[in-house]
Amino acid sequence: MVDVSNALPNLPHSYPFRFLDKVLELEEGRGVGIKNVTINEPFFQGHFKENPIMPGILIIEAMAQIAGIVLHHNKKDKTAFIARVKDIKFKNPVLPGDQLKITANIVLSLPPLTQFAVKAFVEDDIVAEGEIVLASEG
Amino acid sequence: MDDIKDKIKKMLLNRLKLKIAPHDIKDDAQLFAQEGGLGLDSIDALELVVGLQKEFGIVITDKAIAEKVLISINTIANFIKEKETSS
């Protein structure tokens with residue numbers, strides 16, 4: 001198990017594009033992150049005005065961010081980019097007040113590409129799952 | 001040997017969602033060549049390595065080995081044969 005207290009500051013994303021609040025677990029090849037979804041999120045102003053639902057594309061972004069931390073947790077100045085989003089299913093809407101728990105597990109790494117199995121939960125229910133491929137710099 | 005090649009072709013078509021038939025792929029066609037080959041890219045290569053691991057039990061973690069193995073159906077089949085006889 002890696003010290004998680006330094007993991008989030010190493011994430012290259014910053015406001016307003018950080019979709020992780022906390023890293024719960026981090027070890028070789030896998031990690032777990034938390035995103036607290038509040039009614040004040042800017043995207044809820046338009047998605048949708050009378051019916052706030054977290055955009056699926058931003059759930060994918062949160063998945064990619066925890067995957068990036070798993071890939072580069074001890075390499076501060078490296079950035080990874082999404083190379084592929086594969087077979088992501090959205091099973092339930094994510095609403096204001098939900099806490100997203102996101103897991104990312106390395107399926108296979110063949111530098112510079114790494115494939116992850118990713119899942120997002122609200123409480124114990126899977127809200128989204130699939131696979132993401134990240135391309136890492138350097 | 002032809003059985004293995006057919007199995008590789010089916011795995012490749014399924015995983016990469018190519019809209020051609022197994023017999024349309026020549027055993028010596030270059031997987032990554034745009035002209036006269038299948039025109040695959042590095043993301044397809046990663047998917048093939050995942051497929052080789054899940055469907056043939058062949059583990060490749062080294063990019064140099066992947067580049068030697070993923071040239072054509074023939075080179076993949078030879079690599080699988082080698083692994084089978086050495087284990």
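## A tour of chains A and B

Start by selecting helix α1 of chain A: α1(A) lies across β1, β2 (30–36), β3, β4, β5 and β6 of that chain, at about 55 degrees to β6(A). Keep in mind as you click around that this is a predicted model.

Stay on that helix for a moment. α1(A) covers residues 56–72, and its 17 residues should span 24 Å at 1.5 Å a residue; the C-alpha atoms at its ends are 24 Å apart, so expectation and model agree. Colour α1(A) by burial and you'll find it mostly covered, with 13 of the 17 residues buried.

**Next: the sheet of chain A**

Now hide the helix and pick the strands. They make an open sheet of six, in the order β1-β2-β4-β5-β6-β3, with antiparallel pairing. Go to the edges, where you'll meet β1 (22–27) and β3 of chain A; each has a single partner strand, so one side of each has no neighbour in the sheet. Look along the sheet to see the twist: ignoring direction, neighbouring strands are turned by 20 degrees against each other on average.

Zoom in on β3(A) and β6(A), the latter at residues 125–136: eight bridges join this antiparallel pair. For one spot to click, try A:R84, whose bridge partner in β6(A) is A:V133.

**Zoom out: chain A as a whole**

Show the full chain and trace it from the start. One helix and six strands make up its secondary structure, and along the sequence they follow the pattern β-β-α-β-β-β-β. The radius of gyration is 14 Å, close to the 14 Å from the globule rule for 138 residues, so chain A is as compact as a globular protein of that length. Its C-alpha atoms fill a box of roughly 45 × 30 × 25 Å along the principal axes. Of the 138 residues in chain A, 33% are buried. If you draw its contacts between residues at least 6 apart in sequence, 63% of them join residues at least 24 apart.

**Then: where the chains meet**

Bring chain B back into view and select α2(B). This helix lies across β3, β4, β5 and β6 of chain A, running at about 85 degrees to β4(A).

Now select the whole contact: 10 residues come from chain A and nine from chain B. On the chain A side, β3 (80–90), β4 (99–110) and β5 (113–122) each supply at least two residues, and β4(A) gives the most, with four. Colour that side of chain A by class and you get seven nonpolar, two polar and one charged residues.

**Last stop: chain B**

Chain B has four helices and zero strands. At 12 Å, its radius of gyration is close to the 12 Å that the globule rule gives for 87 residues, so chain B is as compact as a globular protein of that length. The C-alpha trace spans about 35 × 25 × 20 Å along its principal axes, and 23% of the 87 residues count as buried.

Finish on B:Q30, in the loop between α1 (2–16) and α2 (42–56) of chain B. B:Q30 has 16 C-beta neighbours inside 10 Å, so it counts as partly exposed. Turn on its contacts beyond four places in sequence and B:G36, B:G37, B:I71 and B:S72 light up. Put a distance label on B:Q30 and B:S72: they sit 42 residues apart in sequence, yet their C-alpha atoms are 5.1 Å apart in space.

Definitions and conventions. Residues numbered from 1 in each chain as written. Chains lettered and ligands numbered in written order. Predicted model: local features only at pLDDT ≥ 70, side-chain atom pairs only at ≥ 80, totals over all residues. Expected span 1.5 Å × (residues − 1). Buried ≥ 20, exposed ≤ 12 C-beta atoms within 10 Å, placed from the backbone. Contact = placed C-beta atoms within 7 Å. Rg over C-alpha atoms; globule rule 2.2 N^0.38 Å. Nonpolar A, V, L, I, M, F, W, Y, C, P; charged D, E, K, R; others polar. Pairing = 2+ DSSP bridges. Axes fitted to C-alpha atoms, helices over the stretch in contact; angles between N-to-C directions.
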